[in-house]
Structures are given as C-alpha cells and as structure tokens.
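Work through the exercises below with the model open. Try each task before reading its solution.

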Amino acid sequence: MRVHAQRAGALLGGLMFPAWSMADWTLNMTPGVTGTSNEIFSLHMTILWICVVIGVVVFGVMFWSIFAHRKSQGAKPANFHENTLVEILWTIIPFVILVVMAIPATATLVDMYDTTESEVDIKITGYQWKWQYEYINEDFGYFSNLATPRDQIDNRQAKGENYLLEVDNHLVIPVGKKIRFLVTANDVIHSWWVPDFGVKKDAIPGFINETWTRVDKPGIYRGQCTELCGKDHGFMPVVVEAVPEEEYNTWVAEKKEAAERERQLTQKDWTMAELMERGEKAYQTACAACHQADGSGAPPAFPALKGSPIATQDMAAHIDIVVNGKSGTAMQAFGNQLSEVDLAAVITYERNAWGNNTGEMVTPKEIFDYKNQQ
Amino acid sequence: MAVTGVFMSAVADTHAQDHHHGPAKGFSRWLLTTNHKDIGTMYLIFSFAMFLLGGSMAMVIRAELFQPGLQIVQPEFFNQMTTMHGLIMVFGAVMPAFVGLANWMLPLMIGAPDMALPRMNNWSFWLLPCAFLILVSTLFMEGGGPNFGWTFYAPLSTTYGPPSTTFFIFAVHIMGISSIMGAINVIATILNLRAPGMTLMKMPLFVWTWLITAFLLIAVMPVLAGVVTMMLMDINFGTSFFDASGGGDPVLFQHVFWFFGHPEVYIMILPAFGAVSHIIPAFSRKPLFGYASMVYAVGAIALLSFVVWAHHMFTVGIPIVGQLFFMYATMLIAVPTGVKVFNWVATMFRGSLTFEAPMLFAVAFVILFTIGGFSGLMLAIAPADFQYHDTYFVVAHFHYVLVPGAIFGIFASAYFWLPKWTGHMYDETLAKTHFWLSFVGMNLAFFPMHFLGLAGMPRRIPDYALQFADFNMVSSVGAFMFGATQLLFLFIVVKCIRGGKEAAAKPWDGAEGLEWTVPSPAPYHTFSTPPEVK
C-alpha cells in the first residue's frame, strides 16, 4: 500500500516540478526489483515519514517560538523550567514509536538472512579492482572488469551512457530462481552491491559471507563496489543481467564449452607473435591498473616493469612472482586468476614489451608443468 | 589579549606580588605556559589552523567531484585527501577546539584558579603540533600519506598500506596520549576544584558534558592505541591480527576500531550539547528546561555509545542475533537524544528571544543536528542500512551531525565567549554574515548528498556515473561557499582581538554562570580565592 502511495506521490511531484522528475535529479531511493528491495524501500519510507512528522511537530513549536516569542515583539519570558509529566511523555512516546518501527525491520532482516533452499550458487570474489564470478555447481567462472575506456575517464572522449557502470562480462542469472551468493575477497575488503536487488555484502579476504536474491524481471542491473579498496575503488562496477531460464541454460552450456576450449589451448603450440598479441590484452585487464599500460608502474607500491630485473633477467623468478604473488605486498598470485595461456602470454609480453627486448618466451605448456610441480 | 593588573573583588585578595603573576614575554610565554587561558587560546588557534588545512583538502575533493571524469587529481591522491581530511578534522580540528573551550571555560565556570594539572596541560597541548607535523609530513613521503580512509580498515591499511603508515600510527599514538592527558586533567579539575557549594547537580551543563566526554576519552583512546599497535605489529613484526592467512580476522579490526569510533562521535558532540545548553537559555532569557533530564540524557547517551559500535558494520556478515541487538540498541539512542532536543525547544518556548550570532548558530545547531539525528535513525534500521551503507547518504548523515553539530556548536561558543576572552564585542553584522553564508553553504553542500546516496552513489570514489553529476555540482558549489566563508570568521576574530566595543563583565543579559562575574577580558588569574555558590 505504502509503496503505491509513494509512487502516486512521486508521479504528482513529477507533474508539478517537471525539472525534478528528470532522472538526473533523483531524490529518493528506488523500490528496486526484488522482494527484499521492496521491503527495504517500504521500511525506508516508513521511517522517513516518521521523521518528517516528528520534524514538523518539533520544528513547528520551535518556529512558532521564534516568531511569537521574540523580545522585539515585546515577549516577556516565562520562568518554568521543568514539567515531569511532559518529560515522561516525550521519553515514552518516542520509545513506543521505535518499538513499532523495530517489528517490520526485524521481519525483513530475518528474511534477508535466510539463504537456505537456493537453486543457483555463485561465488563472488573481490579483487583489486575487479570481480570474479564462479558458478560453483557448473564448474566455470570468469572475471568482470570495468569496460569504460580510459579516454572517457580522462576526458579525452565523450562519456557513454553507462559511464563507469559497464563491464566486459556481466554476471548472468536466471529470473525467478533463488540465487545464493557466496561473497569473499582475494586481497582487501570489497563490498558487492546491486541497489535494485537490495543486496550489499562485504567481501572479506579469508571469510565467506552469504546473501541471496530472486529477480523476477529480466533486465540489466548496475551497482558498484562500496567498500574503499584502494586506488581504483571507484572503477570496479557490478553489472548483473537477469535472463529467462532457457536463455540462461543456453548461456551456461556455451560458457562450459568455452571453458573447455580454453583448457585445450594450453596444448596448442604458440608462436611468439601470438603470445605477444594475447599478452597485451591480458596485461591490459590484469596488470595495467597497477603497473600501468606502459609498464612504468607507480612506485613504491607498484614497481615499474619496464627495465626491471624481474622482467628482464631470471625467467623462473618472473614466473614465480606472477603465479604465486609476493606476500606482504599488493602483488597478487595470478596462478588461479589467469589461464595457463594468459599467464604465458602476459609473462612473454612483459619480457618483450616497452624495450624489455629479452627475446625470451614461455609457453602455456611450460606454465602448466610449472604449476603442477608446485 | 589578557590584561594584567585588573582584578575585581572576586580575585583581588591581597596580592603583594601581583607583578609576578602576569604572563611572561615572547615565545617562552607560550612554550612554557601553565596558564589555562593561554593553553586554551593555543588549542583554539591550533584547531582553527587544522580546520583550514582539513578544509582545503575538502576543497580539493569537491573540486575533483565537481564534474564526472578525472580532472584535477588522480585516484591515489584523492584517497589521501579523503583520509587526511577526515583525520585532521576529527583529531586536529573538532577535538582540540573542545579541549580549548574546556581549558578556557571550565575553571571560570566552576570557580577554580586553573586546571588541576597545569604542567600536564602544557604537555598535552604541545604534543599535538608534533603529532600533526608527523601526520602531515607523510604526504611528502615516498608512496604518499595514508590513503585508506580515516577508518583505516585492515588489510588495506596494513598489508596494502603505503610505507608511511608507520608514521601515521606513531602520530595517532601521540594524539591519543595528548587526549588521555587532557581528559585526566578535565576530570581532576571538575572533581576537585569546584567552588564551595557547587554540588554535582549544580554544575553548568558544559561542565557536565565535558566530564562525561572525558570519561569517554579515557575509556576509548587506549582502545584506539591498541588497534593501531596491532597494525604496527602486523606491518613491521610479522603478526597476523588482521590477516586471515595467518589466523587473524580483518573484521576484528573493525570491531576494535568502532568500539573506539562510536564513543568518539559522541566525544565530538557532547561538549557542543553543553555549550548550546548555555547559549539557548541566555538568548531566550529563560532558565534551561529540564536541567536534570539533560544530565541524565547525556549520561544515557554516553553509556549506550559503548554498545552500538557494530551498527557501522551491518554489512560485514555478523550473525542475525548480533545484528538485531545492535539495531535495537542504536534505535534506543534516539530516546535520550530526543529528550535533549525537546528540552532545548521547550527552553525557547515562551522565552524572550533575540538572535545574536551565538543564538543563530545554536538554533541552527538544534535544527540541523536533529536532521542528522533523523538520518541516523534511518541508518539504524539494519535492513535499510544495507542500502544506505557506505553511500553518500552516510556522508550526508555524519556531516550533518559534525558540521552544524560540532562545528556550529564551536562557532556558537566562540561568539558567546569571545567578549569574555578579548574584552571586546565582535562585529555583529559580520558575524551574522558569517552565519548565513555558512548556513546556506553547508546545506547546499551536504543536503544533496542525501539524494546522491539514495540514488546509489558510493562514498570515497574520485569519479562517478553520469546520473550523479548534477547534485555533485550543486554540492561542490555549496562546499566552496562554506569553505571561503570561514576566512571571514578568521577576520572577525582578529578584528575582535584588536579592538571593538568594550565588553561588560556580562555582555549578554540572559547569561548565567560564574564566568560572567569576572571582568572582560578575564584577568590572567581568576578565582585565586574561590567564590561561594549558593
């Protein structure tokens, strides 16, 4: 009921203040597309109206005093300074309002915490600065990176419609099914948020949080990381695509096939040129955020690769640091993040780009063997 | 500023060596002083300098957020600005300003000759410039200054922190020592040096709120010291308090930090509650409504502040029972806070009101702090907090309680007591201009942040999606206006120190309290003989 009343109010407001009904001047939370988000919206509106009413009463008395009891109006001060009955009343009434408010809030919270009986389980891992989605029952997964071109961010190019809210690979979910998200992180704390779902959960390294959603309306829903996670915190959006079940099943089948093809690529014989080409792409998505596109890095946190001993001297040390990371620093272990092909391509690229002309290459098979030996 | 040799009956007594009692000359007066008025003045000057420094960082932030895209600074530097802005405003501007007010006013209000521990008082002050010198110097170190937010969540601040983090930790330790010593001094002064006849329930409210604040400080500053020490160990000595791969827990950091952090937000507001409880009755020409309930409400808020910390952490995945407990406890804080607001309004009701600058700031304090309280109540509703958490709605909320709360409280106090400090009336027209520009600028800067948060804009981002562009521009314009206006305050205070209409001992006809029984400016030594309170 309340939600409908609010929508009617918003419509009326929209008609009365045309400029304010434009999307850019959104004033309020939106109800979203899930049961949870609608319940939250309803709680939000209830508590907002309670505050408005209390505010009108309290500020009303205050403004009346300001206008009517001014010295310049000849007001003579009264001398009362306590009234036990009034003081008890204005302690008890707010308390009762709070109890009334706590009841629906508790019910919603219990519902939000019920992650049982899910139909699809997806593990979400936060990385600096991208999301990994793993369909744990289907045995495939992938990364989701910001897709907004650097030129738009640096104002060299006009900004697109979904500026900073677009990614290369959407998280795809079926409509009408209860999806359970297992949320964790690889490095620092992130937080996975889709406002339209009413789902926000911190991704904490070393721990797994659970949350869930059920989306009934197909569509693309956008959100962002909401826990400060380092320099590119503002550049790791969340994009979820809810599709009908059949479409979802087809998509899953395709993804599984693609994962299989990717695994086979490890066995292929790669040439230097092929590795360099693939390496450049993989470098841009996995490495450039810290080490920069030109390999110059941002010392001291993110060392330069251009001309660095690691990238120009001992190959084994180079493979080790990329696969296993370096503990105590921001350098992650990419062994489980990238495929053997991408690992080989990135390492080859780093050893030959920006004047690091070692002429050396490493093949996916060698990486595969290296990882197996560990 | 202080004029020697002018003693009225309350302080005159028979002093054969009056000339020894004046302040020393030159820099050593300030370096070596044990006089509560000198130290109070230094605290206030220091805090205003920090306010301008932290404010100029806010200007950098708002300039970058004026438009979408990266224009002025890069994300690395942006994060340092948000972090340093928060740290400097909390630890450098607001807290020292209240300590400055306490130094000046507590002895005058309770009829004491000075603070109970004057040498320690000197040391607590001089530690602060040292701490902030270290903190600010990190900006010039390799890798930059702290960039992990003023809440410095691990492991972003430990494993992933810049090399300067150890200096940051050292600075926090020094600030903590300074605060704890300041708090001990306040408690010792209030409990031991009250004039005969001033029972606890006759103490002025500013004294009461500071007494409770001091206990909060003593309770939580060691916790902050503990958490930064754990960070220090994790960074430099191979422990794993906050690293899951070594058996630690990143969420432990947040529990310990917010056990400090929540009482800390009351540390920054309770003294303002006290000051406003003097100013509103003074300009309403009517006694404060519900003195006793005001005292109990502050006590209740202080106690509750220890059991609500996890409402900052509703999304970290605490069990539902914990979630419910912290939601209920947080909502409960609205009751004593409401009592205070109702009491202020009841004090104004049927008074005889005038609106000089202190009153303008105090009334704005009540209205805008209440708005911040409302959004606080909304944030307390745990399910709704999943939508609000870490968005600009939170930024709007805490700026509403801190800017028109703490900072307007400080401005109100400054204008209220400036005549007592300097012996001159400040320029009322300029002060009112300062108020209205601050009021408009502040609301323009922070009110649209509610809308931005509800529309889904996360906090601490250097760049944002296009639908947030319009309100961000409005907010930046407001912030620039508010920021520039504060230079006017500096001008008003300097002008007031240098001259102006002579202030009477009691320049406000409705004001009550011992501080108005000594001449203006207050002599270098006051209440050498305690006054009698009936």
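The radius of gyration is taken over C-alpha atoms, and the globule rule is 2.2 Å times the number of residues to the power 0.38. The model is predicted.

**Exercise 1. Compare the radius of gyration of chain B with that of a compact globule.**

Step 1. Chain B has 534 residues, so the rule puts a compact globule near 24 Å.
Step 2. The radius of gyration of chain B is 23 Å, which agrees.
Step 3. Add the extents. The C-alpha trace of chain B spans about 70 × 50 × 45 Å along its principal axes.
Step 4. Add burial. In chain B, 63% of the 534 residues count as buried.
Step 5. Check the contacts. Take those in chain B between residues at least 6 apart in sequence: 83% of them join residues at least 24 apart.
Step 6. Finish with secondary structure. Chain B holds 17 helices and zero strands.

**Exercise 2. Describe the side of chain B that touches chain A.**

Step 1. Count the residues. On chain B, 83 residues are in contact with 81 residues of chain A.
Step 2. Find the main contributor. Helix H12 (residues 334-348) of chain B supplies the largest share of this side, eight residues.
Step 3. Sort by class. The side of chain B that touches chain A has 51 nonpolar, 23 polar and nine charged residues.

**Exercise 3. Lay out the open sheet of five strands in chain A.**

Step 1. Write the order. In chain A it is E4-E10-E9-E6-E7, with mixed pairing.
Step 2. Mark the edges. E4 and strand E7 (199-203) of chain A each pair on one side only.
Step 3. Note the twist. From one strand to the next, it averages 25 degrees.
Step 4. Take the parallel pair. Strand E4 (residues 171-174) of chain A is joined to E10(A) by four bridges. Here A:Val172 stands opposite A:Glu241.
Step 5. Take the antiparallel pair. Six bridges join strand E9 (residues 219-225) of chain A to E10(A). A:Gly219 has A:Ala242 as its bridge partner, and A:Gly223 has A:Val238.

**Exercise 4. Why is strand E10 of chain A largely enclosed?**

Step 1. Apply the cut-off. A residue is buried if 20 or more other C-beta atoms lie within 10 Å of its own.
Step 2. Count. Strand E10 (residues 237-243) of chain A has five buried residues out of seven, so the rest of the structure largely encloses it.
Step 3. Look for a covering element. Helix H5 (residues 245-265) of chain A lies across E4 and E10 of chain A. Helix H5 of chain A runs at about 135 degrees to E4(A).

Technical notes: Residues numbered from 1 in each chain as written. Chains lettered and ligands numbered in written order. Predicted model: local features only at pLDDT ≥ 70, side-chain atom pairs only at ≥ 80, totals over all residues. Buried ≥ 20, exposed ≤ 12 C-beta atoms within 10 Å, placed from the backbone. Helix = DSSP H or I, 4+ residues; strand = E, 2+ residues; numbered from the N terminus. Pairing = 2+ DSSP bridges. Contact = placed C-beta atoms within 7 Å. Nonpolar A, V, L, I, M, F, W, Y, C, P; charged D, E, K, R; others polar. Axes fitted to C-alpha atoms, helices over the stretch in contact; angles between N-to-C directions.
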